Amino acid sequence: MTTTLPAYDEVVARFEPVIGLETHVELGTNTKMWCGCPTDFGGEPNTRVCPVCLGLPGSLPVANKAAIEATIRIGLALNCSIAEWCRFARKNYFYPDMPKNFQISQYDEPLCFDGYLDVEVNGEMVRIGIERVHLEEDTGKTLHVGGATGRIHGATESLVDYNRAGIPLVEIVTKPIPGTGALAPEVARAYVAELRDVIRSLGVSDVRMEEGSLRCDVNTSLNRPGEEWGTRTETKNVNSLRSVERAVRSEMLRQASVLEAGGRITQETRHFHEDTGDTTSGRSKETATDYRYFPEPDLVPLAPDTAWVAELKAALPELPRLRRKRIQQDWGLSDLDMQSVVNAGAVELIEATVAAGATPAAARKWWLGELSRRANETGVELADVGATPAQVAELQGLVDAGKLNDKLARTVLEGVVAGEGSPTEIMTNRNLEVVSDTGALTAAVDEAIAANPDVADKIRSGKVAAAGALVGAVMKTTRGQADAKTVRELILARLGA
């Protein structure tokens with residue numbers, strides 16, 4: 001049976017949302033958390049494993065110092081306090097992608113705690129409280145085959161790849177975020193985007209959502225004004241910024257529909273479907289799972305030296321929000337223009353394009369214009385649209401050199417996005433370069449004059465504005481490859497104007 005969902009404006013008029021986000025970040029260390037196995041993405045299944053990450057009898061873990069340092073740096077960048085003493089714990093549960101049947105994690109003693117991250121939404125700052133930042137190991141990957149959906153339901157068999165098991169994983173958990181109202185979906189997206197930028201600026205992870213090195217679980221609940229917070233659901237493994245926003249909005253609409261009909265929200269995990277934007281039920285979480293935590297007996301407690309932590313804090317790079325303010329001043333953008341750049345996820349792309357030789361105005365034109373349109377049409381992040389900052393700078397360089405006009409440049413850009421090569425290669429291979437040689441254009445100009453005698457007479461009588469019609473005719477004849485300025489000069493010279 002199809003359920004008619006209420007309008008979003010109706011939902012936020014009747015209910016108050018509370019959101020929370022749990023974000024997992026795979027660290028970009030060379031080796032895994034407890035052993036020396038490589039962490040490169042990809043590879044043949046089960047080829048990057050050893051007795052330690054497979055949990056074979058007699059194997060002993062050794063903590064990865066680089067992962068501990070990266071976690072502390074993340075905590076410091078998120079304004080967290082760093083524990084003077086903490087320890088790892090065993091989180092016990094059975095699942096096929098857990099080779100040890102337990103996960104080495106942190107329980108009640110996280111490495112970093114009680115921080116915050118400020119994000120800007122519609123020109124207003126929203127402070128997101130950080131509950132904890134702790135370090136653990138990632139699981140393997142289960143593939144369900146033989147079914148139509150790729151999920152376990154309907155599959156004929158499941159395959160397990162342990163290459164990812166044991167990779168250092170940082171979990172960042174926010175405090176509940178009330179009071180965002182209609183902006184809740186946008187706040188969720190802005191938080192994950194800002195968090196991704198912060199982590200990328202630290203150089204501790206590539207935070208590629210499409211590869212799973214940044215994964216987000218989105219918690220959502222609704223309550224009527226003045227009442228206690230509602231029962232939350234947890235939408236698991238949302239893998240793009242756009243989907244984070246859509247997942248919150250979808251759950252708000254669904255929960256409001258259930259509550260308005262007199263129903264009860266079930267505390268559960270839910271799956272987000274990219275194709276429809278809907279969520280469906282996963283497993284019930286009515287009661288807390290007993291993971292039987294206990295201190296990891298094979299690892300000593302962790303006590304970061306305060307002087308070391310101070311050194312790490314002093315060496316933090318310029319954080320993204322401050323860098324954006326500086327860039328805005330350097331580029332001479334208004335607050336509204338800068339917000340458009342941020343909303344499009346184009347700050348780093350434009351900055352890299354400028355570094356490659358384009359002006360800020362030209363770089364912004366391409367990324368917020370043609371490339372943003374293509375990204376929206378195909379439903380991908382702007383960085384994944386198919387063009388690099390170096391290619392965009394090269395394209396603009398061809399325009400600046402007079403080899404391409406804007407129309408031809410857009411055609412070349414189509415080829416770049418399609419993977420045909422560099423802008424110069426595409427221009428050459430497709431024979432798209434602007435024709436500016438007067439000898440080659442003279443015949444086309446004479447043809448346009450002969451075909452439009454009335455227009456030519458107006459120009460001879462001093463109405464030079466009429467030359468635009470003849471320029472258009474020449475551009476049509478030359479398939480847009482004529483240099484319009486040169487054509488105009490030839491027309492006026494031929495007609496003695």
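Let me begin with N30, which lies in the loop between β1 (16-26) and α2 (65-77). The model on the screen is a predicted one, and every value I quote is computed from it. With a relative accessibility of 68%, N30 counts as exposed, because the cut-off for that class is over 50%. Leaving aside residues up to four places away in sequence, N30 touches C37, P38 and T39. For a sense of distance, take A89, which is 59 residues from N30 along the chain: the C-alpha atoms of these two residues are separated by 24 Å.

I turn now to the helices, starting with a pair. Two packed helices are described by two quantities, the angle between their axes and the distance between those axes. For helix α6, residues 320-331, and helix α7, residues 335-343, the angle is about 125 degrees and the axes are 11 Å apart. An angle of that value lies outside the ranges for roughly parallel, roughly perpendicular and roughly antiparallel, and α6 and α7 are therefore oblique to each other. Their crossing is right-handed. Which residues make the contact? On the α6 side they are R324, I327 and Q328, and on the α7 side D335, M338 and V342. Sorted by class, the contact of α6 with α7 comprises three nonpolar residues, one polar residue and two charged residues.

Next comes helix α8, residues 347-355. Its buried residues are V347, L349, I350 and T353. The elements covering these buried residues include α6 and α7, together with α9 (360-368) and α11 (389-400). After α8 comes G357, which has a positive phi, near 125 degrees.

The remaining topic is charge pairing. Side chains of opposite charge can pair when their charged atoms come close. Over the whole structure, a search finds 33 salt bridges, and I shall discuss some of them.

Consider R323 in helix α6. With which residues of α8 does R323 pair? One partner is E348: the side chains of R323 and E348 meet in a salt bridge, at 3.5 Å from N to O. This pair links distant parts of the chain, with R323 in helix α6 and E348 in helix α8, 25 residues apart. Another partner is E351, where the closest N and O atoms are 2.4 Å apart. That pair also links distant parts of the chain, since R323 belongs to helix α6 and E351 to helix α8, at a separation of 28 residues.

Is R323 buried or exposed? R323 has a relative accessibility of 12% and so counts as buried. E348, at 30%, counts as partly exposed, and E351 is likewise partly exposed, with a relative accessible area of 27%.

A further salt bridge joins E370 and R374, whose closest N and O atoms are 3.6 Å apart. These two residues are four places apart in helix α10, residues 370-378, so about one helical turn separates them. An α-helix has 3.6 residues a turn, so residues three or four places apart point the same way. E370 counts as buried because its relative accessibility is 16%, and R374 counts as buried at 16% relative accessibility.

Finally, some salt bridges share partners, and in this way E194, D197, R200, R323, R324, E348 and E351 are joined into one network. R324 has already appeared, as one of the α6 residues in the contact with α7. R323 has appeared too, in its salt bridges with E348 and E351.

Note on methods:
Residues are numbered from 1 along each chain as its sequence is written. This is a predicted model: local features need pLDDT of at least 70, side-chain atom pairs count only at pLDDT 80 or more; totals for chains, interfaces and linings use all residues. Side-chain values use heavy atoms; hydrogens and water are left out. Axes are lines fitted to C-alpha atoms, for helices over the stretch in contact, and angles run from 0 to 180 degrees between N-to-C directions. Angles under 35 degrees count as roughly parallel, over 145 as roughly antiparallel, 65 to 115 as roughly perpendicular and the rest as oblique. A crossing is left-handed if the near helix is turned anticlockwise from the far one by less than a right angle, and right-handed if clockwise. Contact means heavy atoms within 4.5 Å. Ala, Val, Leu, Ile, Met, Phe, Trp, Tyr, Cys and Pro count as nonpolar, Asp, Glu, Lys and Arg as charged, and the others, Gly among them, as polar. Buried means under 20% relative accessible area, exposed over 50%, partly exposed in between (1.4 Å probe, protein chains only). A salt bridge is a side-chain nitrogen of Lys or Arg within 4 Å of a carboxyl oxygen of Asp or Glu.
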